[in-house]
Amino acid sequence: MVTNLSVNSLIDDTFHLFDEVLAQHEFKARLIEVGEVTSVGRGNARVNGLPNVQVEELLQFPNHVLGLALNLDADEIGVVLLDHSDQIAAGDEVRRTHRLLDIPVGESLIGRVIDPVGRPLDGRGSISAAERRPYEREPASIINRSPVTVPLQTGLKVIDALIPIGRGQRELILGDRQTGKTAIAIDTIINQRNKNVVCIYCAIGQRNTSVAKVIDDLRKHDALEYTAVVVAESDAPPGLHYVAPYAATTLGEYFMDQGRDVLVIYDDLTSHARAYRELSLLLRRPPGREAFPGDIFYLHSRLLERSTHLNDSLGGGSLTALPIAETEAQNLSAYIPTNLISITDGQIYLSPQLFQKGILPAVDVGRSVSRVGGKTQLPVYRSVAGDLRLSYSQFEELEAFSRFSSRLDEETLATLERGRRVREIFKQSQFEPLSVPEQIAILLTMAAGVFDKTEMSQIRKAEQITRKILIDEFPDLSELLLEGHILSEEDQRAIINTARDLIQSHNLTK
(Lines give C-alpha, C1' and ligand atoms only; values in the text may rest on other atoms or scores of the structure.)
Protein backbone atom coordinates (compact mmCIF):
# COMPACT_ATOMS: atom_id res chain seq x y z
CA MET A 1 0.00 0.00 0.00
CA VAL A 2 1.42 3.36 -1.10
CA THR A 3 1.15 6.02 1.55
CA ASN A 4 1.05 9.78 1.04
CA LEU A 5 4.44 9.98 2.70
CA SER A 6 6.10 7.74 0.11
CA VAL A 7 4.47 9.64 -2.75
CA ASN A 8 5.71 12.95 -1.40
CA SER A 9 9.16 11.49 -0.94
CA LEU A 10 9.16 10.27 -4.56
CA ILE A 11 8.13 13.71 -5.80
CA ASP A 12 10.84 15.38 -3.73
CA ASP A 13 13.47 13.01 -5.10
CA THR A 14 12.32 13.74 -8.67
CA PHE A 15 12.52 17.51 -8.21
CA HIS A 16 15.91 17.16 -6.55
CA LEU A 17 17.20 15.14 -9.50
CA PHE A 18 15.74 17.72 -11.91
CA ASP A 19 17.56 20.53 -10.05
CA GLU A 20 20.84 18.67 -10.36
CA VAL A 21 20.38 18.32 -14.14
CA LEU A 22 19.58 22.03 -14.47
CA ALA A 23 22.67 22.89 -12.45
CA GLN A 24 24.85 20.92 -14.84
CA HIS A 25 23.42 22.54 -18.00
CA GLU A 26 23.03 26.23 -18.74
CA PHE A 27 19.85 26.96 -20.64
CA LYS A 28 19.37 30.31 -22.35
CA ALA A 29 16.08 31.44 -23.72
CA ARG A 30 16.46 33.12 -27.11
CA LEU A 31 13.85 35.48 -28.46
CA ILE A 32 13.71 35.47 -32.25
CA GLU A 33 12.20 38.57 -33.87
CA VAL A 34 10.52 37.79 -37.16
CA GLY A 35 9.21 40.27 -39.72
CA GLU A 36 7.57 40.00 -43.12
CA VAL A 37 8.62 41.29 -46.54
CA THR A 38 5.90 43.57 -47.90
CA SER A 39 7.51 44.52 -51.24
CA VAL A 40 10.71 43.91 -53.19
CA GLY A 41 12.39 46.26 -55.65
CA ARG A 42 15.72 46.37 -57.48
CA GLY A 43 18.27 46.06 -54.73
CA ASN A 44 15.90 46.95 -51.91
CA ALA A 45 12.98 45.58 -49.90
CA ARG A 46 10.41 46.85 -47.45
CA VAL A 47 9.73 44.96 -44.24
CA ASN A 48 6.99 45.04 -41.61
CA GLY A 49 7.58 44.05 -38.01
CA LEU A 50 10.94 43.97 -36.22
CA PRO A 51 10.17 46.91 -33.91
CA ASN A 52 13.56 46.78 -32.19
CA VAL A 53 15.79 46.69 -35.29
CA GLN A 54 18.76 49.09 -35.42
CA VAL A 55 20.03 51.26 -38.27
CA GLU A 56 22.45 49.35 -40.52
CA GLU A 57 21.70 46.07 -38.72
CA LEU A 58 22.19 42.95 -40.79
CA LEU A 59 18.93 41.13 -41.63
CA GLN A 60 18.54 37.53 -42.79
CA PHE A 61 16.13 36.69 -45.63
CA PRO A 62 15.29 33.25 -47.09
CA ASN A 63 17.83 31.60 -49.43
CA HIS A 64 20.68 33.13 -47.38
CA VAL A 65 19.97 36.61 -48.75
CA LEU A 66 21.41 39.41 -46.59
CA GLY A 67 20.23 42.98 -46.20
CA LEU A 68 21.01 46.17 -44.28
CA ALA A 69 18.27 48.08 -42.46
CA LEU A 70 18.84 51.61 -43.76
CA ASN A 71 15.47 53.34 -43.29
CA LEU A 72 13.55 53.06 -40.00
CA ASP A 73 10.15 54.58 -40.81
CA ALA A 74 7.09 54.63 -38.54
CA ASP A 75 5.27 51.84 -40.37
CA GLU A 76 8.00 49.92 -42.22
CA ILE A 77 11.74 49.29 -42.62
CA GLY A 78 13.66 50.12 -45.79
CA VAL A 79 16.28 47.44 -46.41
CA VAL A 80 19.25 47.52 -48.80
CA LEU A 81 19.85 44.03 -50.21
CA LEU A 82 23.36 42.61 -50.46
CA ASP A 83 22.25 39.81 -52.78
CA HIS A 84 20.04 39.73 -55.87
CA SER A 85 16.41 40.52 -55.15
CA ASP A 86 14.98 37.77 -57.38
CA GLN A 87 15.61 35.23 -54.60
CA ILE A 88 12.98 36.73 -52.25
CA ALA A 89 9.34 37.75 -52.64
CA ALA A 90 6.61 39.56 -50.74
CA GLY A 91 5.39 37.54 -47.78
CA ASP A 92 8.78 35.98 -47.05
CA GLU A 93 10.02 35.82 -43.50
CA VAL A 94 12.90 38.07 -42.38
CA ARG A 95 14.85 37.80 -39.15
CA ARG A 96 17.15 40.00 -37.13
CA THR A 97 20.78 38.98 -36.66
CA HIS A 98 21.49 41.46 -33.83
CA ARG A 99 24.80 42.46 -35.45
CA LEU A 100 26.21 44.89 -37.97
CA LEU A 101 27.72 43.77 -41.25
CA ASP A 102 31.25 42.49 -40.69
CA ILE A 103 33.93 41.05 -42.96
CA PRO A 104 36.84 38.64 -42.41
CA VAL A 105 40.26 40.26 -41.96
CA GLY A 106 43.76 38.86 -41.70
CA GLU A 107 46.81 37.71 -43.61
CA SER A 108 44.76 35.06 -45.41
CA LEU A 109 43.09 37.84 -47.45
CA ILE A 110 46.35 38.87 -49.10
CA GLY A 111 46.44 37.66 -52.68
CA ARG A 112 42.72 36.88 -52.69
CA VAL A 113 39.79 38.37 -54.60
CA ILE A 114 36.64 38.78 -52.48
CA ASP A 115 33.32 40.56 -52.60
CA PRO A 116 32.45 43.24 -49.99
CA VAL A 117 30.84 40.65 -47.71
CA GLY A 118 34.00 38.52 -47.67
CA ARG A 119 32.92 35.78 -50.08
CA PRO A 120 35.73 34.54 -52.39
CA LEU A 121 35.51 35.31 -56.11
CA ASP A 122 38.78 33.76 -57.28
CA GLY A 123 37.75 30.10 -57.18
CA ARG A 124 40.44 29.23 -54.63
CA GLY A 125 38.12 27.94 -51.93
CA SER A 126 36.80 29.44 -48.73
CA ILE A 127 38.65 32.02 -46.67
CA SER A 128 39.70 31.14 -43.13
CA ALA A 129 40.12 34.28 -41.05
CA ALA A 130 40.62 34.33 -37.29
CA GLU A 131 38.89 37.69 -36.91
CA ARG A 132 35.92 39.57 -38.28
CA ARG A 133 35.43 43.34 -38.03
CA PRO A 134 32.43 45.60 -38.70
CA TYR A 135 32.57 47.48 -41.97
CA GLU A 136 31.97 50.82 -40.20
CA ARG A 137 34.28 52.20 -37.53
CA GLU A 138 34.94 55.54 -35.91
CA PRO A 139 38.04 57.21 -37.39
CA ALA A 140 41.06 57.78 -35.18
CA SER A 141 40.83 60.91 -33.04
CA ILE A 142 43.18 63.82 -33.62
CA ILE A 143 45.19 63.01 -30.50
CA ASN A 144 45.89 59.52 -31.86
CA ARG A 145 47.23 60.80 -35.18
CA SER A 146 50.74 61.83 -36.19
CA PRO A 147 51.88 64.16 -38.97
CA VAL A 148 52.38 62.66 -42.42
CA THR A 149 56.16 62.58 -42.82
CA VAL A 150 57.10 59.48 -44.84
CA PRO A 151 56.77 59.54 -48.64
CA LEU A 152 54.76 56.98 -50.60
CA GLN A 153 56.64 56.68 -53.87
CA THR A 154 54.46 56.09 -56.92
CA GLY A 155 57.39 55.43 -59.26
CA LEU A 156 56.05 58.10 -61.63
CA LYS A 157 58.47 61.00 -62.18
CA VAL A 158 55.86 63.70 -62.66
CA ILE A 159 54.04 62.78 -59.43
CA ASP A 160 56.99 62.04 -57.14
CA ALA A 161 58.78 65.21 -58.23
CA LEU A 162 55.90 67.69 -58.51
CA ILE A 163 52.87 66.25 -56.64
CA PRO A 164 54.37 64.02 -53.91
CA ILE A 165 52.19 61.78 -51.74
CA GLY A 166 52.83 60.83 -48.12
CA ARG A 167 51.88 57.72 -46.17
CA GLY A 168 48.61 58.51 -44.43
CA GLN A 169 47.52 61.08 -47.01
CA ARG A 170 44.31 61.15 -49.07
CA GLU A 171 45.11 62.12 -52.67
CA LEU A 172 42.28 62.24 -55.20
CA ILE A 173 42.83 61.03 -58.77
CA LEU A 174 40.26 62.50 -61.11
CA GLY A 175 39.65 63.09 -64.79
CA ASP A 176 37.36 62.18 -67.65
CA ARG A 177 36.80 58.61 -68.78
CA GLN A 178 39.69 56.78 -70.41
CA THR A 179 42.42 59.20 -69.31
CA GLY A 180 44.56 56.74 -67.32
CA LYS A 181 43.29 57.10 -63.75
CA THR A 182 43.40 53.39 -62.97
CA ALA A 183 46.79 53.08 -64.68
CA ILE A 184 48.32 55.51 -62.18
CA ALA A 185 46.82 53.57 -59.27
CA ILE A 186 48.07 50.22 -60.58
CA ASP A 187 51.58 51.59 -61.21
CA THR A 188 51.60 52.87 -57.63
CA ILE A 189 50.70 49.40 -56.34
CA ILE A 190 53.40 47.77 -58.48
CA ASN A 191 55.96 50.26 -57.15
CA GLN A 192 55.31 49.11 -53.56
CA ARG A 193 57.11 45.81 -54.16
CA ASN A 194 59.69 45.17 -51.39
CA LYS A 195 58.61 48.33 -49.55
CA ASN A 196 56.55 46.57 -46.84
CA VAL A 197 53.29 48.23 -47.91
CA VAL A 198 50.05 46.22 -47.97
CA CYS A 199 47.88 47.25 -50.94
CA ILE A 200 44.12 46.93 -51.34
CA TYR A 201 42.39 47.53 -54.66
CA CYS A 202 38.65 48.14 -54.39
CA ALA A 203 36.68 47.98 -57.65
CA ILE A 204 33.21 49.54 -57.43
CA GLY A 205 30.87 48.91 -60.33
CA GLN A 206 33.69 48.32 -62.84
CA ARG A 207 33.19 46.03 -65.83
CA ASN A 208 34.18 42.45 -65.09
CA THR A 209 36.63 42.46 -68.01
CA SER A 210 38.35 45.59 -66.65
CA VAL A 211 38.69 44.09 -63.17
CA ALA A 212 40.01 40.83 -64.62
CA LYS A 213 42.66 42.79 -66.56
CA VAL A 214 43.74 44.66 -63.43
CA ILE A 215 44.08 41.40 -61.49
CA ASP A 216 46.04 39.85 -64.35
CA ASP A 217 48.38 42.86 -64.51
CA LEU A 218 49.00 42.66 -60.77
CA ARG A 219 49.72 38.96 -61.04
CA LYS A 220 52.13 39.43 -63.97
CA HIS A 221 54.16 41.98 -62.02
CA ASP A 222 54.17 39.94 -58.78
CA ALA A 223 52.08 42.59 -57.03
CA LEU A 224 49.28 40.23 -56.02
CA GLU A 225 51.63 38.82 -53.37
CA TYR A 226 50.99 41.88 -51.19
CA THR A 227 47.61 42.99 -52.55
CA ALA A 228 44.02 42.12 -51.67
CA VAL A 229 41.26 42.84 -54.18
CA VAL A 230 37.70 43.74 -53.12
CA VAL A 231 35.25 43.65 -56.02
CA ALA A 232 31.66 44.83 -56.31
CA GLU A 233 30.93 43.73 -59.87
CA SER A 234 29.02 45.90 -62.31
CA ASP A 235 26.01 43.56 -62.21
CA ALA A 236 26.10 43.24 -58.41
CA PRO A 237 23.27 44.75 -56.32
CA PRO A 238 23.77 48.47 -55.55
CA GLY A 239 23.93 47.52 -51.87
CA LEU A 240 27.27 45.79 -52.49
CA HIS A 241 28.52 48.89 -54.33
CA TYR A 242 27.55 50.91 -51.27
CA VAL A 243 29.43 48.81 -48.69
CA ALA A 244 32.47 47.97 -50.89
CA PRO A 245 34.80 50.89 -49.99
CA TYR A 246 33.97 50.53 -46.28
CA ALA A 247 34.81 46.84 -46.40
CA ALA A 248 38.15 47.58 -48.11
CA THR A 249 38.95 50.23 -45.47
CA THR A 250 38.13 47.81 -42.65
CA LEU A 251 40.56 45.31 -44.13
CA GLY A 252 43.21 48.02 -44.42
CA GLU A 253 42.66 49.15 -40.82
CA TYR A 254 43.44 45.64 -39.59
CA PHE A 255 46.99 45.91 -40.99
CA MET A 256 47.31 49.56 -39.93
CA ASP A 257 46.51 48.59 -36.34
CA GLN A 258 49.44 46.16 -36.52
CA GLY A 259 51.79 49.06 -37.25
CA ARG A 260 52.03 48.43 -40.98
CA ASP A 261 51.64 50.82 -43.92
CA VAL A 262 48.60 50.31 -46.14
CA LEU A 263 47.58 51.72 -49.52
CA VAL A 264 43.89 51.58 -50.52
CA ILE A 265 42.65 52.37 -54.04
CA TYR A 266 38.93 53.19 -54.45
CA ASP A 267 38.02 52.72 -58.12
CA ASP A 268 35.86 54.69 -58.24
CA LEU A 269 33.85 56.81 -55.79
CA THR A 270 31.72 58.31 -58.57
CA SER A 271 30.15 54.89 -59.13
CA HIS A 272 29.82 54.56 -55.37
CA ALA A 273 27.91 57.86 -55.16
CA ARG A 274 25.62 56.85 -58.02
CA ALA A 275 24.81 53.54 -56.34
CA TYR A 276 23.97 55.36 -53.10
CA ARG A 277 21.80 57.83 -55.02
CA GLU A 278 19.92 54.93 -56.59
CA LEU A 279 19.32 53.30 -53.23
CA SER A 280 18.25 56.56 -51.62
CA LEU A 281 15.73 57.34 -54.34
CA LEU A 282 14.31 53.82 -54.16
CA LEU A 283 13.96 54.22 -50.40
CA ARG A 284 12.16 57.53 -51.01
CA ARG A 285 14.73 59.73 -49.38
CA PRO A 286 14.42 63.38 -50.48
CA PRO A 287 16.80 64.21 -53.35
CA GLY A 288 19.05 67.25 -53.34
CA ARG A 289 21.53 68.69 -55.82
CA GLU A 290 21.83 66.54 -58.96
CA ALA A 291 19.31 64.17 -57.27
CA PHE A 292 21.92 63.03 -54.75
CA PRO A 293 20.73 62.65 -51.14
CA GLY A 294 21.71 65.30 -48.65
CA ASP A 295 24.14 63.04 -46.77
CA ILE A 296 26.30 62.19 -49.79
CA PHE A 297 29.10 64.42 -48.45
CA TYR A 298 28.99 62.68 -45.08
CA LEU A 299 29.02 59.33 -46.88
CA HIS A 300 32.46 59.98 -48.35
CA SER A 301 33.89 62.07 -45.51
CA ARG A 302 33.35 59.34 -42.92
CA LEU A 303 35.04 56.92 -45.31
CA LEU A 304 38.12 59.00 -46.12
CA GLU A 305 38.57 60.28 -42.56
CA ARG A 306 39.60 56.74 -41.63
CA SER A 307 42.83 57.23 -43.61
CA THR A 308 45.55 58.48 -41.31
CA HIS A 309 48.98 58.00 -39.78
CA LEU A 310 48.68 56.66 -36.23
CA ASN A 311 51.05 57.82 -33.52
CA ASP A 312 53.74 55.59 -32.09
CA SER A 313 51.68 54.61 -29.04
CA LEU A 314 49.24 52.86 -31.41
CA GLY A 315 51.93 51.23 -33.51
CA GLY A 316 52.68 54.01 -36.00
CA GLY A 317 50.81 52.37 -38.88
CA SER A 318 49.33 54.34 -41.75
CA LEU A 319 46.50 54.04 -44.24
CA THR A 320 46.93 56.00 -47.49
CA ALA A 321 43.86 56.51 -49.66
CA LEU A 322 43.91 57.13 -53.40
CA PRO A 323 40.25 57.61 -54.30
CA ILE A 324 39.41 57.86 -57.99
CA ALA A 325 36.63 60.10 -59.31
CA GLU A 326 35.30 60.60 -62.81
CA THR A 327 34.56 64.01 -64.32
CA GLU A 328 32.32 64.77 -67.29
CA ALA A 329 33.64 67.11 -69.97
CA GLN A 330 36.41 68.27 -67.57
CA ASN A 331 33.84 69.74 -65.18
CA LEU A 332 35.71 69.96 -61.88
CA SER A 333 32.89 72.00 -60.33
CA ALA A 334 30.33 69.19 -60.47
CA TYR A 335 28.82 68.05 -57.18
CA ILE A 336 30.75 64.85 -56.44
CA PRO A 337 34.20 66.09 -57.63
CA THR A 338 33.96 69.27 -55.55
CA ASN A 339 32.87 67.25 -52.52
CA LEU A 340 35.84 64.91 -52.84
CA ILE A 341 38.30 67.73 -53.52
CA SER A 342 37.23 69.43 -50.30
CA ILE A 343 37.59 66.18 -48.30
CA THR A 344 40.97 65.03 -49.62
CA ASP A 345 44.48 66.48 -49.18
CA GLY A 346 45.05 67.25 -52.85
CA GLN A 347 44.22 65.99 -56.30
CA ILE A 348 45.96 64.62 -59.39
CA TYR A 349 44.02 65.82 -62.43
CA LEU A 350 44.36 63.98 -65.73
CA SER A 351 43.71 66.04 -68.85
CA PRO A 352 42.02 64.46 -71.89
CA GLN A 353 43.90 66.90 -74.17
CA LEU A 354 47.24 65.65 -72.87
CA PHE A 355 46.05 62.08 -73.20
CA GLN A 356 45.05 62.61 -76.82
CA LYS A 357 48.49 64.12 -77.55
CA GLY A 358 50.17 61.00 -76.18
CA ILE A 359 51.57 62.72 -73.10
CA LEU A 360 51.25 59.87 -70.60
CA PRO A 361 50.63 59.93 -67.73
CA ALA A 362 48.34 62.82 -68.69
CA VAL A 363 48.86 64.77 -65.45
CA ASP A 364 47.85 68.43 -65.66
CA VAL A 365 50.46 69.98 -63.36
CA GLY A 366 48.64 73.32 -63.20
CA ARG A 367 45.43 71.79 -61.82
CA SER A 368 47.08 69.18 -59.61
CA VAL A 369 48.24 69.80 -56.06
CA SER A 370 49.41 67.94 -52.97
CA ARG A 371 48.63 69.80 -49.75
CA VAL A 372 50.72 67.46 -47.58
CA GLY A 373 53.25 65.66 -49.75
CA GLY A 374 55.81 68.47 -49.91
CA LYS A 375 56.58 67.85 -46.25
CA THR A 376 57.06 64.14 -46.89
CA GLN A 377 59.15 64.45 -50.03
CA LEU A 378 62.73 63.23 -49.74
CA PRO A 379 65.09 66.18 -49.31
CA VAL A 380 66.99 65.32 -52.48
CA TYR A 381 63.88 66.01 -54.59
CA ARG A 382 63.57 69.53 -53.19
CA SER A 383 67.27 70.23 -53.78
CA VAL A 384 67.21 68.91 -57.35
CA ALA A 385 63.74 69.89 -58.59
CA GLY A 386 62.56 72.52 -56.11
CA ASP A 387 61.50 75.12 -58.71
CA LEU A 388 60.64 72.64 -61.46
CA ARG A 389 56.88 72.83 -60.87
CA LEU A 390 56.82 76.62 -61.26
CA SER A 391 59.06 76.65 -64.33
CA TYR A 392 57.05 73.85 -65.96
CA SER A 393 53.76 75.68 -65.37
CA GLN A 394 55.30 78.86 -66.83
CA PHE A 395 56.42 76.90 -69.88
CA GLU A 396 52.88 75.63 -70.49
CA GLU A 397 51.52 79.20 -70.29
CA LEU A 398 54.27 80.47 -72.57
CA GLU A 399 53.65 77.69 -75.08
CA ALA A 400 49.95 78.52 -75.25
CA PHE A 401 50.73 82.23 -75.68
CA SER A 402 53.42 81.63 -78.34
CA ARG A 403 50.86 80.17 -80.73
CA PHE A 404 49.59 83.67 -81.34
CA SER A 405 52.99 85.09 -82.24
CA SER A 406 55.28 84.37 -85.18
CA ARG A 407 58.28 86.31 -83.83
CA LEU A 408 59.92 85.03 -80.68
CA ASP A 409 63.25 86.13 -79.20
CA GLU A 410 66.04 83.64 -78.62
CA GLU A 411 65.49 83.47 -74.87
CA THR A 412 61.83 82.56 -75.33
CA LEU A 413 62.73 79.96 -77.93
CA ALA A 414 65.29 78.43 -75.57
CA THR A 415 62.71 78.30 -72.75
CA LEU A 416 60.22 76.56 -75.05
CA GLU A 417 62.82 74.06 -76.25
CA ARG A 418 63.77 73.13 -72.69
CA GLY A 419 60.12 72.91 -71.62
CA ARG A 420 59.33 70.52 -74.45
CA ARG A 421 62.21 68.30 -73.38
CA VAL A 422 61.05 68.38 -69.77
CA ARG A 423 57.59 67.31 -70.89
CA GLU A 424 59.07 64.53 -73.00
CA ILE A 425 61.09 63.28 -70.03
CA PHE A 426 58.01 63.29 -67.80
CA LYS A 427 56.39 60.81 -70.19
CA GLN A 428 56.45 57.32 -68.75
CA SER A 429 55.15 53.98 -70.00
CA GLN A 430 52.75 51.98 -67.88
CA PHE A 431 54.16 49.21 -65.65
CA GLU A 432 57.59 50.90 -65.60
CA PRO A 433 57.82 52.65 -62.22
CA LEU A 434 61.24 54.12 -61.46
CA SER A 435 63.17 53.93 -58.21
CA VAL A 436 64.27 57.07 -56.34
CA PRO A 437 67.93 56.93 -57.58
CA GLU A 438 66.73 56.55 -61.18
CA GLN A 439 64.40 59.52 -60.89
CA ILE A 440 67.01 61.71 -59.19
CA ALA A 441 69.60 60.97 -61.89
CA ILE A 442 67.14 62.00 -64.60
CA LEU A 443 65.87 65.10 -62.79
CA LEU A 444 69.36 66.31 -61.90
CA THR A 445 70.60 65.85 -65.46
CA MET A 446 67.52 67.58 -66.83
CA ALA A 447 67.81 70.55 -64.43
CA ALA A 448 71.46 71.00 -65.45
CA GLY A 449 70.46 71.39 -69.10
CA VAL A 450 72.25 68.26 -70.31
CA PHE A 451 69.28 67.35 -72.52
CA ASP A 452 69.00 70.83 -74.06
CA LYS A 453 71.22 69.89 -77.01
CA THR A 454 69.71 66.42 -77.46
CA GLU A 455 67.46 65.83 -80.43
CA MET A 456 63.80 65.46 -79.46
CA SER A 457 63.67 62.07 -81.15
CA GLN A 458 66.59 60.91 -78.99
CA ILE A 459 65.31 62.15 -75.61
CA ARG A 460 63.90 58.78 -74.60
CA LYS A 461 67.15 57.02 -75.41
CA ALA A 462 69.16 59.66 -73.52
CA GLU A 463 66.88 59.17 -70.53
CA GLN A 464 67.41 55.41 -70.62
CA ILE A 465 71.16 55.97 -70.52
CA THR A 466 70.91 58.48 -67.66
CA ARG A 467 68.57 56.64 -65.31
CA LYS A 468 71.08 53.94 -64.35
CA ILE A 469 73.97 56.28 -63.54
CA LEU A 470 73.39 56.52 -59.79
CA ILE A 471 72.80 52.79 -59.41
CA ASP A 472 75.74 51.66 -61.57
CA GLU A 473 78.32 54.42 -61.06
CA PHE A 474 77.47 55.77 -57.57
CA PRO A 475 75.86 52.92 -55.56
CA ASP A 476 76.86 54.46 -52.21
CA LEU A 477 75.03 57.69 -53.07
CA SER A 478 71.89 55.72 -53.92
CA GLU A 479 71.73 54.34 -50.38
CA LEU A 480 72.29 57.79 -48.86
CA LEU A 481 69.44 59.31 -50.89
CA LEU A 482 66.99 56.72 -49.56
CA GLU A 483 68.12 57.53 -46.02
CA GLY A 484 67.20 61.20 -46.45
CA HIS A 485 70.54 62.75 -47.41
CA ILE A 486 71.00 65.31 -50.19
CA LEU A 487 73.69 65.44 -52.85
CA SER A 488 76.65 67.74 -52.33
CA GLU A 489 77.64 70.10 -55.12
CA GLU A 490 80.64 67.91 -55.87
CA ASP A 491 78.46 64.80 -56.17
CA GLN A 492 76.00 66.65 -58.39
CA ARG A 493 78.79 67.78 -60.73
CA ALA A 494 80.15 64.24 -60.92
CA ILE A 495 76.75 62.81 -61.86
CA ILE A 496 76.07 65.56 -64.42
CA ASN A 497 79.49 65.15 -66.08
CA THR A 498 79.07 61.39 -66.23
CA ALA A 499 75.64 61.78 -67.86
CA ARG A 500 76.97 64.35 -70.36
CA ASP A 501 79.86 62.11 -71.36
CA LEU A 502 77.60 59.09 -71.83
CA ILE A 503 75.11 61.00 -73.95
CA GLN A 504 77.89 62.42 -76.13
CA SER A 505 79.48 59.01 -76.51
CA HIS A 506 76.22 57.72 -77.99
CA ASN A 507 76.06 60.67 -80.44
CA LEU A 508 72.68 61.87 -79.16
CA THR A 509 73.48 65.61 -79.20
CA LYS A 510 72.96 68.03 -82.07
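Me: Buried means under 20% relative accessible area, exposed over 50%, and partly exposed in between (1.4 Å probe, protein chains only). How many of the residues of α5 are buried?

Reply: The structure is a predicted model in which local features need pLDDT of at least 70 and side-chain atom pairs count only at pLDDT 80 or more, while totals for chains, interfaces and linings use all residues. Residues are numbered from 1 along each chain as its sequence is written, and side-chain values use heavy atoms, with hydrogens and water left out. In α5, 19 of the 19 residues are buried, and the helix is accordingly described as mostly covered.

Me: What makes residues 238-256 a helix, and how far does helix α5 reach from its first C-alpha to its last?

Reply: Helices (H or I, at least four residues) and strands (E, at least two) are DSSP runs, numbered from the N terminus. Helix α5 covers residues 238-256 and has 19 residues, which satisfies the requirement of at least four. The expected span of a helix is 1.5 Å times one less than its number of residues. For α5 this expectation is 27 Å, and the reach from first C-alpha to last is 28 Å, close to that value.

Me: How does α6 stand against the span expected at 1.5 Å a residue?

Reply: Helix α6 has 14 residues and reaches 20 Å, close to the expected 20 Å. Its buried residues are L269, T270, S271, H272, A273, A275, Y276, L279 and S280. After the helix comes R284, with a positive phi near 65°.

Me: Why is E56 called buried?

Reply: E56 has a relative accessible area of 15%. This value is under 20%, and therefore E56 is buried. The residue sits in the loop between β2 (44-48) and β3 (57-60).

Me: Why do D83 and N71 count as buried?

Reply: The relative accessibility of D83 is 12%, and that of N71 is 9%. Both values are under 20%, so both residues count as buried. D83 belongs to the loop between β5 (77-81) and β6 (93-100), whereas N71 is part of strand β4 (residues 66-72). From N71 to Q153 there are 82 residues in sequence and 43 Å in space, C-alpha to C-alpha.

Me: What is the sign of phi in E56 and in N63?

Reply: Most residues other than glycine have a negative phi, and most peptide bonds are trans. In E56, phi is near 65°, a positive value in a residue other than glycine. N63 also has a positive phi, near 60°, and lies in the loop between β3 and β4.

Me: Which value of omega goes with the cis peptide bond from D267 to D268, and which with that from L360 to P361?

Reply: Omega is near -5° for the bond from D267 to D268, which is cis. For the bond from L360 to P361, also cis, omega is near -5°. D268 is found in the loop between β13 (261-267) and α6, and P361 in the loop between α9 (352-356) and β16 (369-370).

Me: Which residues line the largest cavity?

Reply: On a 1 Å grid over the protein atoms alone, a cavity is a set of points where a 1.4 Å probe fits but cannot get out, and a pocket is an open set with protein on both sides within 12 Å along at least five of seven lines; lining residues have an atom within 4 Å of a point. Among the residues lining the largest cavity are V158, L354, L360, P361, Y392, R423 and K427.

Me: How does the lining of the largest cavity divide by class?

Reply: Ala, Val, Leu, Ile, Met, Phe, Trp, Tyr, Cys and Pro count as nonpolar, Asp, Glu, Lys and Arg as charged, and the others, Gly among them, as polar. By this rule the lining of the largest cavity has 9 nonpolar, no polar and 2 charged residues. The lining of the second largest cavity has 1 nonpolar, 3 polar and 6 charged residues. Its residues include K157, K427, E432 and R467, and helix α15 (residues 459-466) gives the most, with 3 residues.

Me: Which residues lie nearest the centre of the largest pocket?

Reply: Of the 33 residues lining the largest pocket, Q178, G180, K181, T182 and A183 lie nearest its centre. Helix α3 supplies the largest share, 6 residues. By class, this lining has 12 nonpolar, 11 polar and 10 charged residues.
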